[in-house]
Amino acid sequence: MSARAPIAAVFPVAVAKWQAASTLGPIDPAGKLYLPIAAEAIAPLAAEHGIVIAHGNGPQVGLLSLQAAAYAGAEPYPLDVLDAGSQGMIGYLIQQELRSLLPPRHQVATLLTMIAVDPDDPAFDDPTKFVGQGYDKPSADELAASRGWMFKPDGLAWRRVVPSPEPRRILEIVPINWLLGHGAVVICAGGGGIPIALGSGEVVGVEAVIDKDLSSELLAEEVDADLFVMATDVDGVYLDWGSPYPRKLTRITPNDLAAQGFPAGSMGPKVEAAVRFVTKTGRRAVIGALSDIAGIVAGTAGTNVIPEADG
C-alpha cells in the first residue's frame, strides 16, 4: 500500500450496530463510551494513510426524533434534518477524540454529506427500514392516520418504516477529496448520508434512510480507496452462525461470498457492500472487529474479500 493511500473505514461509532440500540442505552445517547475505543484504533493509521470515516446514527436519530415529539403541537423534524443533526453531533465527538490523540497539526474535519437517491427507486413502494421507537397497535394506527407514517410489526411492537433507496451520488465528493488530498482525516456520510433528490435545479430532502454500508461503499469508490474496512462487533463473517460449529471466513472472493446467504438485518448489507467494492475496484475489503484494525490493515485479521484473480 503506497504512502498515504486512502482507507475508507466504516466504524460502529455510536451506532446500533454495536449491536442493539439498547447497548448504548439512555445514559449514553451519543455513544461517548465507545468513541475512545474507535479513536484509539483509527489514530495510528493516520500517520501513514489518508483516512475517511463513516459512521452509523441509529440511536441518535431515534433520540432526536423523540425529543422533537416531546413538544406538543410541534411538527416533527423530517428524517433528512435529523440525519444532518446527528452527523454534526457524532462527527464533533469523533473529532474531539481524534484531536486528543493526533499531533496538533493533523487536521480532522466533519463534513455534512448529502447523497442523491432516485425518486423512482422501487424502495419507495415498499418501505422496509425501521426507525424510531416501538408502539402498540392503537398508537401506531393513530400516528399513521395523523402523520401519514407507515408501520410494520417488529417483534411484539409496531414501528415506523421508511424507504431505504440505493445511494446514487455523493454531492460533497469534491470537498471530501480536497480535504483528503491536504492530509485531513475526513468524517463524512454519517448514517448513510442525508438523503436528497435532485430535480430541476432543486435539492429536496427525502423521508428515507440510506444503508450506511452501501453508501460507504460508494464513498470508498469515489475517494479511490486502496482498502475498504467495515468494523463491527465481531471478528469476521461466519457461516453457520448460531450453530455449535460456526465457521469463520478469513479469505474469500466476491463470487464465493455472494453465493452465501446472510440476513438483511445483520451481516447482509456489509457482505453486499464488500462484494460491490472488490468487484468494481479490484481492491480489498475487510469485515472485522474494531479491536483488530491493525491486523485488518495488514491483512491478517477479519474476513478479507479479495479479487477473483488473487483467490
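**Salt bridges in the predicted model**

Glu166, Glu272 and Arg276 are joined in a network of salt bridges, a salt bridge being a side-chain nitrogen of Lys or Arg within 4 Å of a carboxyl oxygen of Asp or Glu. The structure is a predicted model, in which local features need pLDDT of at least 70 and side-chain atom pairs count only at pLDDT 80 or more, while totals for chains, interfaces and linings use all residues. Residues are numbered from 1 along each chain as its sequence is written, and side-chain values use heavy atoms, with hydrogens and water left out.

Within this network, Glu272 pairs with Arg276, their closest N and O atoms lying 2.6 Å apart. The two residues are 4 positions apart in helix α9, so about one helical turn separates them (helices are DSSP runs of H or I, at least four residues, numbered from the N terminus). Arg276 is buried at 18% relative accessibility, whereas Glu272 is partly exposed at 38%; buried means under 20% relative accessible area, exposed over 50%, and partly exposed in between, with a 1.4 Å probe and protein chains only.

Helix α9 also takes part in another pairing: Glu221 forms a salt bridge with Lys280, with 3.3 Å between the closest N and O atoms. This pair links distant parts of the chain, as Glu221 sits in helix α7 (residues 212-222) and Lys280 in helix α9 (residues 268-281), 59 residues apart. Glu221 is partly exposed at 27% relative accessibility, and Lys280 is exposed at 53%.

A further salt bridge brings together the side chains of Asp240 and Arg247, at 3.1 Å from N to O. Asp240 is partly exposed, at 41%, and Arg247 is likewise partly exposed, at 47%. In total, the structure holds 12 salt bridges.
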